[in-house]
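Q: Please take a close look at one part of this model, the sheet that holds a buried arginine, and set that part in the context of the whole chain. A connected account would be preferred to a list.

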Amino acid sequence: MVFYSKKYDIIVVGAGHAGCEAALAAARMGCCVLLMAIDLDKVAAMPCSPSIGGMAKGQLVKEIDALGGEMGKITDKTAIQYRTLNTKKGPAVHSSRTQNDKMRYHMAMKTVIEKEANIDLKQALVERLVLEGGKVVGIEDQTGFGYQADAVVLATGTFLSGLIHIGFNSIKAGRAGEFAAYGLAVQLKALGFKLGRMKTGTPPRLKKSSIDFTQFTRHGGDETPIPFSFFTERISMPQIPSFIGYTNEKSQDIVQKNLKRSALYGGMIKGISARYCPSFEDKIVRFPHKDRHQIILEPEGIDTDEIYASGLGNSLPMEIQIQFVRSVKGLEESEIMRPAYAIEYDYVNPVQLKPNLETKMISCLFMAGQINGTSGYEEAAAQGLWAGINAACKIQRRRPFILDRSQAYTAVMIDDLVTRGTTEPYRMFTSRAEYRLMLREDNADLRLMETGHEYDLIDSDTINDVIARKKQIAQEIDRIKKTVIKPMKEVNDYLIHQNTKALNSGIYLDQLLKRAELDYRAVENLSKSPDDISKNVARQVEIEIKYEGYIKRQLREIEKFRNLEKVKIPEDFDFTKVHGLSNELKEKLSAVLPHSLGQASRIDGITPAALSVLMIAIKASEKQVSDP
């Protein structure tokens with residue numbers, strides 16, 4: 001094989017959301033990076049919904065941003081609608097979501113990558129990994145040409161053995177119109193990796209001018225959009241509404257009568273579908289009592305006529321898709337510009353990865369995104385950032401970048417994947433995060449930017465600002481807790497006007513602020529700070545005081561969690577020799593190879609009794625090592 005004359009530190013295979021973040025993180029840490037894309041016109045493509053964020057996904061994007069990633073910044077450059085979800089609930093579950101101009105998103109990210117001095121962006125289909133002595137040393141493309149590197153990140157998305165289904169017509173493709181990667185999948189299997197099969201899909205795109213929008217309800221964004229990135233000063237893109245409508249009994253009848261002609265129910269698809277994002281065929285089978293289902297017509301951009309018909313995803317033949325779509329009120333004359341389809345692809349069971357996303361089997365080989373069994377741009381991007389940082393750490397001989405479940409949603413996801421694996425497309429939910437009150441969108445910068453700075457991804461000026469804000473938050477909370485408000489007439493008049501009880505005696509200001517009817521504006525009216533308090537600082541102060549009891553309880557839970565995490569398990573620890581564990585648990589522990597007692601406790605089937613046995617065995621092992 002002929003190799004390219006230039007040797008790279010890291011090669012990233014795949015330029016989707018995972019690959020872009022991996023390449024940028026490694027490059028910004030000083031590594032020379034080669035980013036390989038099958039099609040340079042699809043860098044950071046949005047093949048499914050042209051949106052970023054959503055419940056729990058918004059938290060991931062904020063964390064990517066706080067650690068020095070790019071997704072939040074590109075989102076703000078291209079967002080045409082902003083919405084904050086769950087605003088009627090507590091701040092722990094507030095999540096941001098945007099609708100984006102998909103072509104502008106692709107071009108904005110491609111521009112950032114092309115301008116990064118440490119990244120070479122090339123178009124090629126990677127067919128094979130080049131290995132030496134259990135270590136990856138490069139890749140070979142479809143022409144037989146090779147590229148050398150000290151580490152490789154696989155971010156292959158849905159391209160591993162990708163197969164698109166429209167009815168009984170199947171096409172080998174990673175996405176519509178793009179080649180699939182079959183050679184690489186064959187090699188991974190031959191190397192001993194355990195691969196599974198997953199299925200996802202995308203709804204039809206409709207021609208805007210063929211839709212009667214008067215039959216739909218306008219669905220606008222927030223009046224005052226809040227940027228995704230902590231670095232965005234203003235939003236310049238025009239804001240465009242979406243439209244909500246519903247299917248009907250006729251729609252269901254058409255799909256029901258043709259169910260066996262769909263790829264999903266006609267026996268064509270073997271991959272596992274996501275339960276939380278069902279196709280329309282799934283909906284009518286799983287929810288037969290419902291006579292209608294919501295659809296949302298979302299613009300794909302400012303300069304295109306394509307409309308993303310969310311809720312109409314299916315794998316039916318084209319002639320049935322036309323009937324089905326036109327059964328919806330307002331879509332009677334609609335034209336399908338791109339048909340809906342289902343896609344199957346291979347993934348690698350993520351229990352075969354270490355917490356830094358390096359494979360246990362092949363040294364210096366990292367994996368990120370849908371290859372690890374996840375679903376969603378945000379989950380992919382967060383893994384890409386994590387893998388990119390760790391690939392750089394590996395070759396720079398720095399300590400790995402690993403956060404724990406109490407520090408970030410991203411860490412919750414990684415821990416879930418490498419500890420439990422997944423047999424269905426993994427999606428992030430707020431319910432997966434035990435400490436979600438501490439892992440809010442609004443404090444991601446305060447939680448993670450200093451860590452980003454440690455890995456050269458956040459600049460010193462930004463960190464100085466973060467440190468100053470933390471200090472101001474603490475000082476303002478302390479001031480409020482020491483301030484007594486007396487029952488004067490003007491005070492009680494204000495409280496009554498805010499629909500809360502008047503005072504009969506003096507009360508500390510923090511106790512007043514805990515009242516549901518009051519927010520930080522009460523502090524400004526009753527005892528204004530001598531310092532200039534920004535909106536961001538005020539928001540943190542209000543949350544810290546209002547939820548003080550819950551926060552203290554969660555901090556106690558985190559302390560217990562960290563005590564288990566502190567008990568480290570040696571890399572060469574032999575679980576098969578631990579007396580008192582069942583053979584099933586020995587097999588699970590040997591497969592996962594947990595790095596701490598805390599991680600071991602999260603493996604399915606591990607009981608408190610098994611954990612006690614394991615702790616005794618670990619301590620006995622440590623004693624044997626320390627004894628002369």
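A: The account below begins with the chain as a whole, turns to the requested sheet and its arginine, and then follows the surrounding elements.

The model is a predicted one. Its protein chain contains 20 helices and 23 strands. The C-alpha atoms occupy a box of roughly 85 × 80 × 50 Å along the principal axes. For 628 residues, a compact globule would be expected to have a radius of gyration near 25 Å, and the 26 Å of the protein chain agrees with this. Of these 628 residues, 56% count as buried. The accessible surface of the chain comes to about 27600 Å², and carbon and sulfur atoms contribute 51% of that area. As for the range of the contacts, those between residues at least 6 apart in sequence may be considered: 72% of them join residues at least 24 apart.

The sheet in question is open and has six strands, in the order β15-β16-β17-β18-β14-β19, with antiparallel pairing. Its edges are formed by β15 (217-219) and β19 (336-338), each of which pairs on one side only. On average, neighbouring strands of this sheet are turned by 35° against each other, direction ignored. Within the sheet, strand β16 (residues 242-246) and strand β17 (residues 294-299) run antiparallel and are joined by four bridges. Gly245 stands opposite Ile295 of β17 in this pairing.

The arginine of interest is Arg205, which belongs to strand β14 (residues 205-207). Arg205 has a relative accessibility of 4% and therefore counts as buried, the limit being under 20%. Two polar contacts of its side chain may be described. One goes to the side chain of Glu300, at 3.0 Å. The other reaches the backbone oxygen of Cys48, also at 3.0 Å. When neighbours within four places in sequence are left aside, the residues in contact with Arg205 include Met46, Pro47, Cys48 and Lys102. The list of its contacts also includes Glu300, Glu306, Ile307 and Tyr308. Glu335, Ile336, Met337 and Arg338 are likewise in contact with Arg205. Of these residues, Ile336, Met337 and Arg338 fall in the range of the edge strand β19 (336-338).

A second buried polar residue, Ser279, offers a further point of detail. Ser279 lies in the loop between α6 (249-257) and α7 (280-286). Its relative accessible area is 9%, so Ser279 is buried. The side chain of Ser279 makes a polar contact with the side chain of Glu281, at 2.9 Å. Beyond its neighbours within four places in sequence, Ser279 is in contact with Lys199, Leu264, Gly313 and Asn314.

Another sheet may be set beside the one requested. This sheet is open and consists of three strands in the order β4-β6-β5, again with antiparallel pairing. Because β4 (51-53) and β5 (79-85) stand at its edges with a single partner strand each, one side of each is left without a neighbour in the sheet. Neighbouring strands here are turned by 15° against each other on average, direction ignored. Three bridges join β4 to strand β6 (residues 95-100), and the two run antiparallel. In this pairing, Gly53 has Arg97 of β6 as its bridge partner.

Helix α3 (residues 71-78) is mostly covered, with six of its eight residues buried. The buried residues are Met71, Gly72, Ile74, Thr75, Asp76 and Thr78.

Two loop residues deserve notice for their backbone geometry. Most residues other than glycine have a negative phi. Asn86, by contrast, has a positive phi, near 65°. Asn86 is placed in the loop between β5 and β6 and, at 22% relative accessibility, counts as partly exposed. Arg397 also has a positive phi, near 55°. Arg397 is found in the loop between α9 (377-396) and α10 (409-420). At 80% relative accessibility, Arg397 counts as exposed, whereas Arg205, at 4%, counts as buried.

Terms used:
Residues numbered from 1 in each chain as written. Predicted model: local features only at pLDDT ≥ 70, side-chain atom pairs only at ≥ 80, totals over all residues. Heavy atoms only, no water. Pairing = 2+ DSSP bridges. Axes fitted to C-alpha atoms, helices over the stretch in contact; angles between N-to-C directions. Rg over C-alpha atoms; globule rule 2.2 N^0.38 Å. Buried < 20%, exposed > 50% of the residue type's maximum accessible area, 1.4 Å probe, protein only. Contact = heavy atoms within 4.5 Å. Areas by Shrake-Rupley, 256 points an atom, 1.4 Å probe, with all protein chains shown as cover. Polar contact = N/O pair within 3.5 Å; in protein donor to acceptor, adjacent residues only side chain to side chain.
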